[in-house]
Amino acid sequence: KTGRCNRKKSCMNVFIAGLGLIGASYAKGLKHKGYQVYGFDKDVKVCEKALKDHVIDGYDLQDMSKANLIILAMYPKDNVAFIKDHKTLFQNNQIITDVSGVKSKMVLDIVYELDQNVFYTSHHPMAGKEKSGYDYHDEKMFEGSNFMIVPTSKTGPNDINQLKKIGNDLNFGKIICVDAEKHDKLIAYTSQLTHILAVALMNSNRYQETKQATGDSFYDLTRIANINELLWTELFLTNKTFLLDEIKHFKNELNALEQALFEHDAKKVKQILKKAKERRKSFD
């Protein structure tokens with residue numbers, strides 16, 4: 001179940017729990033950078049495939065004791081359960097992190113479970129695909145993407161620098177640090193709301209000919225409606241307070257545009273469109 005690092009002197013040992021899309025992509029990308037990568041997935045067939053594909057160097061849970069960094073790449077509740085079930089395997093001064101899309105509650109739950117001498121700093125890679133699972137892993141999807149580091153009450157002296165190194169080694173773009181609440185507010189707007197809009201747009205279709213009448217704008221807007229319903233249900237409900245607030249603000253903007261159209265107020269419509277265009281330009 002174990003292999004050898006090709007660059008013994010320069011290797012950092014990493015253990016990744018969860019070899020789905022993100023976990024396996026991390027594993028492959030970090031191995032290419034010379035890391036010694038151990039992994040684990042509840043599906044032993046995935047573990048065997050990852051070892052055969054040289055995505056990981058081993059998949060024994062005991063390999064966690066060798067790791068400098070442990071990356072939790074499962075659903076939020078599963079991350080907490082993994083900590084509870086395996087915390088006796090953690091070593092002093094190890095750094096634990098996760099790639100979860102929501103932070104506030106999960107971070108508190110994980111901090112509560114960890115021993116005093118184990119460090120924990122969360123982070124969120126802002127990248128993904130419409131497809132999920134090991135078979136779709138691809139480390140290239142991280143290139144240029146944003147990388148958010150979320151310190152906790154158990155952040156150690158080297159955690160942030162180590163996670164910045166991971167982000168740089170995986171070719172992420174902008175790296176920022178925010179607290180858990182700010183992360184969840186931002187994600188409610190930039191990620192979760194956009195997924196909800198894509199879902200609502202698909203589910204509001206009333207025409208048999210829609211597929212033959214679509215252009216790039218429709219495909220771009222609805223691409224993320226090809227969604228993992230199990231994961232996103234958990235993400236939405238865990239972050240529902242902030243998400244509901246963003247939905248309310250979005251409805252206000254939609255209602256303002258609807259009212260301007262109803263009143264045939266060309267001046268108001270132009271103002272709304274111009275405001276959106278100028279805001280979007282600032283992103284480029």
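This passage describes the overall build, the nonpolar cores, one helix pair and one buried histidine of a predicted model.

The protein has 284 residues, of which 42% count as buried. Its secondary structure consists of 10 helices and eight strands. Along the principal axes, the C-alpha atoms fill a box of roughly 70 × 40 × 30 Å. The accessible surface comes to about 16,700 Å². Carbon and sulfur atoms account for 51% of that surface. Contacts were also sorted by sequence separation. Among those between residues at least 6 apart in sequence, 71% join residues at least 24 apart.

The largest nonpolar core holds 32 residues. Within this core, Val14, Ile16, Tyr26, Leu30, Ile56 and Ile71 touch the most other members. Both strands and helices contribute. Strands E1 (13-17), E3 (69-72) and E7 (146-150) each supply at least two residues of this core. So much is also true of helices H1 (21-32), H2 (44-52) and H5 (159-169). The largest share comes from H1, with six residues. Tyr26 illustrates the contacts made here. Leaving aside residues up to four places away in sequence, Tyr26 touches Ile16, Ile71, Val99, His123 and Pro125. Phe142, Phe147, Ile166, Leu170 and Phe172 are also touched by Tyr26. Another core, of 21 residues, lies apart from the largest one. Its members include Tyr38, Ile70, Val80 and Leu114.

Val80 also takes part in a helix-helix contact, between H3 and H4. Helix H3 spans residues 76-86, and helix H4 spans residues 104-113. Their axes lie 9 Å apart, at an angle of about 0°. Angles under 35 degrees count as roughly parallel. H3 and H4 are therefore roughly parallel to each other. From H3, the contact involves Pro76, Asn79, Val80, Ile83 and Lys84. These residues meet Met106, Asp109, Ile110 and Glu113 of H4. By class, the contact has five nonpolar, one polar and three charged residues.

Histidine 195 is found in helix H6, which covers residues 180-203. The relative accessibility of histidine 195 is 11%. The cut-off for buried is under 20%, so histidine 195 counts as buried. With residues up to four places away in sequence not counted, histidine 195 touches Ile224, Ile227, Trp232 and Phe236.

Note on methods
Residues numbered from 1 in each chain as written. Predicted model: local features only at pLDDT ≥ 70, side-chain atom pairs only at ≥ 80, totals over all residues. Heavy atoms only, no water. Axes fitted to C-alpha atoms, helices over the stretch in contact; angles between N-to-C directions. Helix = DSSP H or I, 4+ residues; strand = E, 2+ residues; numbered from the N terminus. Parallel < 35°, antiparallel > 145°, perpendicular 65-115°, else oblique. Contact = heavy atoms within 4.5 Å. Nonpolar A, V, L, I, M, F, W, Y, C, P; charged D, E, K, R; others polar. Buried < 20%, exposed > 50% of the residue type's maximum accessible area, 1.4 Å probe, protein only. Areas by Shrake-Rupley, 256 points an atom, 1.4 Å probe, with all protein chains shown as cover. Core = buried A, V, L, I, M, F, W, Y, C linked by side-chain atoms within 4.5 Å.
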